[in-house]
Number of protein chains: 2
Amino acid sequence: MTPKKDLSGRRGRGRPQSFDRKEALCAAMRLFWDRGYEGTSFDDLISVMKISASSFYNAFGSKEALYHEVIETYMSVAGGWFLDVLGEDTDTRTVFQDLTTAAAVEFTRADRPAGCMISVAATQCSPNQNRLRDLLASQRTQAEGAMAVRLQQGLEVGDLPSGTDIEALAAFYGSLLRGMAVQARDGASQERLLKIARIGMNAWPKA
Amino acid sequence: MTPKKDLSGRRGRGRPQSFDRKEALCAAMRLFWDRGYEGTSFDDLISVMKISASSFYNAFGSKEALYHEVIETYMSVAGGWFLDVLGEDTDTRTVFQDLTTAAAVEFTRADRPAGCMISVAATQCSPNQNRLRDLLASQRTQAEGAMAVRLQQGLEVGDLPSGTDIEALAAFYGSLLRGMAVQARDGASQERLLKIARIGMNAWPKA
DNA sequence: GGATTTATGGAGCGATGACACCAAAAAAAG
DNA sequence: CTTTTTTTGGTGTCATCGCTCCATAAATCC
């Protein structure tokens, strides 16, 4: 019988929100991106979001609910390049070349935390956070699935040698991207990542 | 003027330790490996180590000191295969082929947590743990350095085309291994990792 | 205007985190 | 034996965690 509070920030009757929901969400994203879920404390969150504890729960429900929203935001904003590149209208090899070089660039942007928020998140965590870990793992798997789909198209069009193991190739590029994300977190430069990307393309199947 | 308590478990005068230090260390390793530093609570630790809080501090000093010991243990025990393979007396390509396939095997052993404890650790963490994060990052860098050394030897012996960018190649295989470690954590099978390893060897420089 | 609805500020809560203290226990040294 | 040294069990501490409650403020609806 809970009336299911509306958290989406719609305008209506009562007192209006005194902060910008999207801004707060982005601030939270940066912090989660940098420190991970467990490494980000509640107090630090409301501090960078510039809201009070009550406003926080009123607007976002809970730390975990906020994190879910942040992931969605990340996927559509900061991680949007991924699906964009996969959707490019060129041959399959060029798509993956662009994918790896774009990763090198995106993982080392000065205005954002290094690496990919999803790739490096919650590979180890306390048992309380197992649900979150599984969610992130499934996001990673989905990303790989999207690559596999594009590769499959390439196979059908003849961009790849028939008999190519699509799943394996997707897994390879998935591994490479995740590894690059970790390297970026460890401080690797863009040039370094670009070199890795270039070498990674040498593994592209020969005709 | 602190007398610097001896924590190494030597035998001497007083009451003897009622537990096996190495066993406790290995139990701690498994837990840290599985859950990471911040994800592992003190109470869980002393529980799997089967010792009391006092014994814990008496024998290991602190949670962080224990973690450092665990890392050393990991490097010499569970991660020993890495330097072993790098030290193999064969041509450079075979060494790296063995390295990637060994990683696929070691990352998916049924008797241990999946992936590499160092590769997947503390890429995101709270500011309190920045020192630990930097330590782990430097361990990862060192591992890559060891690969670079072996590649350089290969270059000098003629196993690699002259002009090969050694640092970049080491970075590539470093990325690949880290990515494989994350995949393993996400539940990838050994077969899958072996395929990734095989594809990764296609990136090996052509003469 | 008053009633209603929603957001805010501030104080505080229970649980858990890592750790400290101390008296008792168990060994070697004399 | 006594003394000395070290480990152990049990309890307590202090900070932080994520979260809740409540009175008040600010908007809309009638």
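How many nonpolar, polar and charged residues does the surface near DNA strand C have? By class, that surface has six nonpolar, 12 polar and eight charged residues. Keep in mind as we go that this is a predicted model.

Let's stay with DNA strand C for a moment. It is surrounded by 26 residues, and the closest are A:Ser18, A:Ser54, B:Arg13, B:Phe42 and B:Lys63. Of the strand's atoms within 4 Å of the protein, 76% belong to sugar or phosphate, while the rest belong to bases. Three polar pairs are worth finding on your screen. A backbone N or O atom of A:Ser18 lies 2.7 Å from a phosphate oxygen of DNA strand C. From chain B, a backbone N or O atom of B:Thr40 lies 3.3 Å from a phosphate oxygen of this strand, and a polar side-chain atom of B:Arg15 lies 3.3 Å from a base nitrogen. As for secondary structure, α3 of chain A, together with α2 (42-49) and α3 of chain B, are the elements that give two or more residues to the surface near DNA strand C. Here α3(A) gives the most, with three residues.

Now turn to DNA strand D. This strand has 25 residues around it, the closest being A:Arg13, A:Phe42, A:Lys63, B:Ser18 and B:Ser54. Sugar and phosphate make up 73% of the atoms of DNA strand D that come within 4 Å of the protein. The surface near this strand divides into six nonpolar, 12 polar and seven charged residues. Both α3 (53-60) of chain A and α3 (53-60) of chain B supply at least two residues to it, and α3(B) gives the most, with three residues.

The polar pairs at DNA strand D again come from both chains. In chain B, a polar side-chain atom of B:Ser55 lies 3.2 Å from a phosphate oxygen, and a backbone N or O atom of B:Arg15 lies 3.3 Å from a sugar or linking oxygen. In chain A, a backbone N or O atom of A:Thr40 lies 3.2 Å from a phosphate oxygen of DNA strand D.

A:Thr40 deserves a closer look. You will find A:Thr40 in the loop between α1 (21-35) and α2 (42-49) of chain A. Is this residue buried or exposed? A:Thr40 counts as buried because its relative accessible area is 0%, under the 20% cut-off, which considers protein chains only. Beyond its neighbours within four places in sequence, A:Thr40 is in contact with A:Leu31, A:Phe32, A:Arg35, A:Leu45 and A:Lys63. Of these, A:Lys63 is also among the residues closest to DNA strand D.

Note on methods
Residues numbered from 1 in each chain as written. Chains lettered and ligands numbered in written order. Predicted model: local features only at pLDDT ≥ 70, side-chain atom pairs only at ≥ 80, totals over all residues. Heavy atoms only, no water. Near = heavy atom within 4 Å. Polar contact = N/O pair within 3.5 Å; in protein donor to acceptor, adjacent residues only side chain to side chain. Helix = DSSP H or I, 4+ residues; strand = E, 2+ residues; numbered from the N terminus. Nonpolar A, V, L, I, M, F, W, Y, C, P; charged D, E, K, R; others polar. Buried < 20%, exposed > 50% of the residue type's maximum accessible area, 1.4 Å probe, protein only. Contact = heavy atoms within 4.5 Å.
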